[in-house]
Amino acid sequence: MIIRKLDVYSIEFLEAVDNYSTRYIVLVRLEADDGTVGWGECFSLFREATAAIDALIRAGLADVVVGRDPYEIEAIWQALRERVWWYGDAGGIAAFAISAIDMALWDLKGKLLRLNLSQMLGGPLTDRLPVCASSHPKAASIEGMAEELAGHIQAGYQFVKVGFGKKGESNLGVDAERDIHFVRTVRQAIGPRAGFIVDVGARGRWDIPRAVYTARAFAEQRLTWLEDPFHPDNLGAFQHLRAAVPEMRIGLGERFYNVADYRRLLDSDVCDVLLIDAGRAEGVTGMWKVIQMAARHNVTVNAHSFSSAINTAASIHLMLCAPLRMLFEMKPVVNAMHHELVTNPVAHRDGWIYAPEGHGLGVEVMEDAVARFAIRF
C-alpha cells in the first residue's frame, strides 16, 4: 500500500462567529493506491499565509509523502520536519503545512484500518466532554452582550468563552472598569454554575498592573480561566500574574507551534491550561506528543480548534484521549466550514460533545463543497 496522490486546496470563507470576517484554511487530500482518501487541515487564517502554505506543500512537501507507506505516520512526520529544517523545524509557517498533511495521514490510516482516531491513539479515556460556546459578542452594550451569552447557556452549552479585542462594537479589553463590569454582568446573566472564560487575545496590550487588577476582579466572578493576557514571549509577566492571583487559572499556548515550544512552556510553569491546535502545531502527531507531555507536568490541555469540521473532529478524538482535559470549544452558530463542508457535522447533545462516528477522523468531506470554496493563487 502506498500514497499515490496528494492534492492541496486553499479555502476562503466568511466566519460567522467573527462578524463575517474573511478567513482561510488549507486542506490536504491524500489518496492511497486502492482509492481510499484521507483529509487534513491547517488553519492559515490570512490570505498571504495560505498562499505560502499552498506553495510549500505543492513545491516540496508533497514529494516527501507521495509514494510512502500510509501506515508509517511517525516516519513521514519526521521526514517532513527534516525537509523544513531551514525554514520551519524550530517554528514557523512550515508547521501549518505539516499539520494538514499529518492530519490527512491519520484520517487515511484510520479508514484503511477501519478504526477511528481515538482507537488508534490507544482508546478514549472518556466518551464525552462538556461543551463551551466560543463566541465574539456583537452587541455594543454590556447588557446586550450578556444576554447573547446567556442565550448560549440556555441552548445547552455548559461554558461560554468571550474573545476580547474582536471586530464589531463590543469594545472589550480596552478599559479595565468596563471589562470588570462586563464580567460581573455576564456572571449574573448566565448564573452561578455555568463556566466562563475570557480570552484577552493578540490585540490586548495589558501591562502587569492592569492584568493583576483585572484578574483579581475576574476571580471574584469565578472565571474558569483567563487566556493570553500578555504576548506569549513574555513568560515573566505570566509568572508574575500567577503569583499575584493564584486562584485564577491562566491559559496560554495558541501561538506555539511544535513540541520543543511546548516543552519550554511547560518547563517554565506559567500556565494552568495549555492551548494547542492540531491544525497548527504539526498535526495530530505533534498535538498528541504535547498532550502526553502536559499530563506529565499536571497541566490541563484545551484544543484551540476554531476552523473547520475536519479539525474539529480530529480535536475531539485527541481530547477524549487526553489524561487532563476540561471541556471542548465549539462555534455556537451555523457556519460554512462546519456545516457545509462535511455530510455529518458534529453538534452537542444536551451540553456534551461525542466523537463523530466513522473511521479515521469520523467526518465525510464533500468534495463538491471543497471545490466551491477553493481559490487559486
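These exercises work through a predicted model, each with a stepwise solution.

**Exercise 1. The open sheet**

Give the strand order of the open sheet of four strands, and find which strands stand at its edges.

*Solution.*
Step 1. Begin with strand E1 (residues 3-15) and strand E2 (residues 21-32). They run antiparallel and are joined by 12 bridges. One of the paired positions is Ile 3, whose partner in E2 is Ala 32.
Step 2. Look at the hairpin between E1 and E2. Five residues lie between the strands, and Asn 19 takes a positive phi near 55°.
Step 3. Turn to the pairing of E1 with strand E13 (residues 374-375). Two bridges join them, again in the antiparallel sense. Here Ile 11 stands opposite Ala 374 in E13.
Step 4. Assemble the order. The open sheet reads E3-E2-E1-E13, with antiparallel pairing.
Step 5. Read off the edges. Strand E3 (37-42) and E13 each have a single partner strand, so one side of each has no neighbour in the sheet.

**Exercise 2. A salt bridge on E1**

Decide whether Asp 7 and Lys 5 are buried, partly exposed or exposed, and place their salt bridge in its wider network.

*Solution.*
Step 1. Take the contact. The closest N and O atoms of Asp 7 and Lys 5 are 3.7 Å apart. The cut-off for a salt bridge is 4 Å, so the pair qualifies.
Step 2. Classify Asp 7. Its relative accessible area is 18%. Buried means under 20%, so that residue is buried.
Step 3. Classify Lys 5. At 38% relative accessibility, Lys 5 is partly exposed.
Step 4. Widen the view. Asp 7 and Lys 5 belong to a network of salt bridges that also links Arg 4, Arg 29, Glu 31 and Glu 367.
Step 5. Set this against the total. The whole structure holds 20 salt bridges.

**Exercise 3. Two salt bridges, two kinds of sequence separation**

How far apart along the chain are the partners in the pairs Arg 58 with Asp 54 and Arg 81 with Glu 282?

*Solution.*
Step 1. Start with Arg 58 and Asp 54. Their closest N and O atoms are 2.5 Å apart.
Step 2. Place them in the chain. Both lie in helix H1 (residues 47-65), four residues apart, so about one helical turn separates them.
Step 3. Check burial. Arg 58 is partly exposed at 41% relative accessibility. Asp 54 is buried at 8%.
Step 4. Now take Arg 81 and Glu 282. Their side chains meet in a salt bridge of 3.0 Å, N to O.
Step 5. Place this pair too. Arg 81 lies in helix H2 (residues 73-83), while Glu 282 lies in the loop between strand E9 (273-276) and helix H10 (283-296). The two residues are 201 residues apart and link distant parts of the chain.
Step 6. Check burial again. Arg 81 and Glu 282 are both buried.

**Exercise 4. Pocket and cavity**

Which residues are closest to the centre of the largest pocket, and which line the largest cavity?

*Solution.*
Step 1. Size the pocket. The largest one has a volume of about 900 Å³.
Step 2. Find its centre. Among the 41 lining residues, Leu 45, Lys 166, Ala 202, Glu 254 and Arg 280 are the closest to it.
Step 3. Ask what the strands supply. E1, strand E4 (129-135) and strand E5 (159-163) each give at least two residues to the lining. E5 gives the most, with three.
Step 4. Turn to closed space. There is one cavity of 30 Å³ or more. The largest cavity has a volume of about 80 Å³.
Step 5. List its lining: Ser 305, Phe 306, Ser 307, Thr 312, Glu 329, Met 330, Lys 331, Asn 335 and His 338.

**Exercise 5. Positive phi in two loops**

Where do Arg 222 and Asn 298 lie, and is each buried, partly exposed or exposed?

*Solution.*
Step 1. Take Arg 222. Its phi is positive, about 55°, although it is not a glycine. Arg 222 sits in the loop between helix H7 (208-220) and strand E7 (225-227).
Step 2. Classify it. At 46% relative accessibility, Arg 222 is partly exposed.
Step 3. Take Asn 298. This residue is not a glycine either, and its positive phi is about 60°. Asn 298 lies in the loop between H10 and strand E10 (300-303).
Step 4. Classify it. With a relative accessible area of 67%, Asn 298 is exposed.

Definitions and conventions
Residues are numbered from 1 along each chain as its sequence is written. This is a predicted model: local features need pLDDT of at least 70, side-chain atom pairs count only at pLDDT 80 or more; totals for chains, interfaces and linings use all residues. Side-chain values use heavy atoms; hydrogens and water are left out. Two strands pair if DSSP finds at least two bridges between them. On a 1 Å grid over the protein atoms alone, a cavity is a set of points where a 1.4 Å probe fits but cannot get out, and a pocket is an open set with protein on both sides within 12 Å along at least five of seven lines; lining residues have an atom within 4 Å of a point. Grid points are joined across faces, edges and corners, and a volume is the space filled by probe spheres set on the points. Buried means under 20% relative accessible area, exposed over 50%, partly exposed in between (1.4 Å probe, protein chains only).
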